[in-house]
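Colleague: I have just opened this one and would like a walk through it. Could you take me round, one topic at a time?

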Amino acid sequence: MAFKLKGKPKVYVTRLVPQPGIDILEKECELTFWKSDEAIPQEELLKNVRGVDGLFCMLTDQIDKHVLDAAGPQLQVVATMSVGFEHIDVAECEKRNIVVANTPNVSTDSVAELTVALLLLTSRRLLEGVTAVKNGEWGAWKPMWLLGTEMTQRTVGILGLGRIGYGVARRLRPFGVRKILYHDVVSVSYASDVGAEFVTFEELIKESDFICICCNLTAQTRHKFNKDTFKKMKKSAILVNSGRGGVVHHDDLYNALVNGDIAAAGLDVTEPEPLPASHPLISLSNCIVLPHMGSNTWESRNSMSTTAAKNILAVFHKEKPMGEVHV
Ligand code: DGY
């Protein structure tokens with residue numbers, strides 16, 4: 001469809017983002033930016049969104065009623081450069097006929113790869129090994145030093161068998177795992193492709209040796225892993241979270257790791273983010289915390305940038321964006 005708007009539509013980009021997305025937008029839009037790699041303060045966001053037709057935002061930006069009010073009634077689209085969209089008040093956008101779009105698909109492989117890496121890092125105690133070498137603690141070979149757990153013949157539980165959960169399952173099969181269990185809001189037909197078996201949440205936490213959290217943060221998943229959950233898990237269980245930090249109650253996780261309710265945890269996402277360096281979880285040798293790096297690859301970040309840009313243009317062109325999301 002021909003692109004007919006009076007003048008170029010205005011788009012505000014809330015961060016320095018990979019150039020390919022900017023190249024796409026620049027051809028058709030008047031762009032302004034928050035020219036920093038650091039998150040825009042909310043008061044700056046409120047000032048800078050005035051009069052824009054499109055908003056290209058990040059998962060660190062709170063797109064609430066105040067931001068929408070500040071932008072004004074001409075705002076047509078909020079495109080986030082992320083899969084997660086819990087930072088956007090989607091209901092409020094829908095009320096105002098503002099399209100909300102995310103970037104599904106394009107970071108599936110990077111996040112699935114990182115989830116498997118985190119699982120190996122944690123189960124094989126690799127970081128403890130690296131630290132020991134750096135600290136000069138590597139002495140003669142010892143039969144009982146830094147022993148971890150193999151994935152071979154273990155049961156893996158996945159919470160959330162969406163694209164990323166499926167990608168994790170597919171990558172874990174060749175490790176020779178015994179079973180892959182999953183829990184989600186509904187059972188999915190493609191689970192059989194990776195031999196994943198739908199179970200209740202209770203079964204998932206009781207039977208799994210490794211649990212990967214690959215779900216979104218919703219009212220149903222918030223603090224799903226809390227002290228009651230940890231008590232029901234195997235004492236040898238390892239928990240990995242590459243979904244959203246809020247799915248895990250972090251104080252309860254700390255107690256579970258210290259009390260031996262579970263063996264170890266690997267977190268790429270935390271609550272809050274960033275997790276302060278003084279947080280007790282960071283002091284534990286059986287907890288690895290990464291700084292939300294799941295999609296940190298050139299491939300994913302370039303695609304996330306182009307997808308968010310195309311989503312904005314799609315709305316201006318009165319087309320359906322690839323990642324339209326609803327309440
Ligand atoms: C997303 O896309 O939501 C990821 O968490 C960013 O890596």
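**The ligand shell**

Modeller: Sorted by class, the residues around the ligand comprise two nonpolar, five polar and no charged residues. Please keep in mind that this is a predicted model.

Colleague: Which residues are around the ligand, then?

Modeller: The residues around the ligand are Leu59, Ser82, Val83, Gly84, Ser107, Gly294 and Ser295.

Colleague: OK, switching to the sheets. What is the order of the strands in the open sheet of five?

Modeller: The five strands of that open sheet follow the order 2-1-3-4-5, and their pairing is parallel. Strand 2 (30-33) and strand 5 (99-101) stand at the edges with a single partner strand each, so one side of each is left without a neighbour in the sheet. On average, and with direction ignored, neighbouring strands of this sheet are turned by 15 degrees against each other.

Colleague: How many bridges join strand 4 to strand 5?

Modeller: Strand 4 (residues 77-80) and strand 5 run parallel and are joined by three bridges. As for a pair of residues, Val77 has Val99 in strand 5 as its bridge partner.

Colleague: And which strands does helix 11 lie across?

Modeller: Helix 11 (residues 298-316) lies across strand 1 (10-13), strand 3 (54-57), strand 4 and strand 5, and its direction is at about 165 degrees to strand 4.

Colleague: What about the open sheet of seven strands, what is its order?

Modeller: That open sheet has the order 8-7-6-9-10-11-12, with parallel pairing. Its edges are taken by strand 8 (196-198) and strand 12, each of which has a single partner strand, so one side of each is left without a neighbour in the sheet. Neighbouring strands of this sheet are turned by 20 degrees against each other on average, direction ignored.

Colleague: Which strands does helix 7 touch as it packs on the sheet?

Modeller: Helix 7 touches strand 6, strand 7, strand 8 and strand 9, and its direction makes about 165 degrees with that of strand 6.

Colleague: How many bridges join strand 6 to strand 9?

Modeller: Four bridges connect strand 6 (residues 155-159) with strand 9, and the two strands run parallel. Within this pairing, Leu159 stands opposite Ile213 in strand 9. Strand 9 is also joined to strand 10 by four bridges, again with the strands running parallel, and there Ile211 stands opposite Leu239.

Colleague: Are the two faces of strand 10 covered or open?

Modeller: Both faces of strand 10 (residues 238-241) are covered, since Ile238 and Val240 on one side are buried, as are Leu239 and Asn241 on the other. In general, the side chains of a regular strand alternate between the two faces of the sheet.

Colleague: Changing topic, I'd like to hear about the backbone. Where is the cis peptide bond that has omega near 5 degrees?

Modeller: That cis bond runs from Glu271 to Pro272, and Pro272 lies in the loop between strand 11 (264-267) and strand 12 (287-289). Another cis peptide bond joins Glu273 and Pro274, with omega about -5 degrees, and Pro274 is also found in the loop between strand 11 and strand 12.

Colleague: What is phi for His223?

Modeller: His223 has a positive phi of about 55 degrees, although it is not a glycine. It sits in the loop between strand 9 (210-213) and helix 9 (227-232), and His223 counts as partly exposed because it has 15 other C-beta atoms within 10 Å. Lys318 likewise has a positive phi, near 60 degrees, without being a glycine. Its place is in the segment after helix 11, and Lys318 counts as exposed because it has 11 C-beta neighbours inside 10 Å.

Colleague: One more residue: is Gly176 buried or exposed?

Modeller: Gly176 counts as exposed, with 11 C-beta neighbours inside 10 Å, and it lies in the loop between helix 7 (163-172) and strand 7 (179-183). Leaving aside residues up to four places away in sequence, Gly176 touches Thr152 and Gln153.

Colleague: Last thing, which residues does the NAD-binding annotation cover?

Modeller: In an unreviewed UniProt entry, the annotation "domain: D-isomer specific 2-hydroxyacid dehydrogenase NAD-binding" covers residues 116-294. The end C-alpha atoms of residues 116-294 lie 11 Å apart, and the span is 28% helix and 16% strand. UniProt, again in an unreviewed entry, places "domain: D-isomer specific 2-hydroxyacid dehydrogenase catalytic" at residues 12-325.

Methods:
Residues numbered from 1 in each chain as written. Predicted model: local features only at pLDDT ≥ 70, side-chain atom pairs only at ≥ 80, totals over all residues. Pairing = 2+ DSSP bridges. Axes fitted to C-alpha atoms, helices over the stretch in contact; angles between N-to-C directions. Contact = placed C-beta atoms within 7 Å. Buried ≥ 20, exposed ≤ 12 C-beta atoms within 10 Å, placed from the backbone. Near = placed C-beta within 6 Å. Nonpolar A, V, L, I, M, F, W, Y, C, P; charged D, E, K, R; others polar. UniProt positions renumbered as here; feature names shortened; annotations may be inferred.
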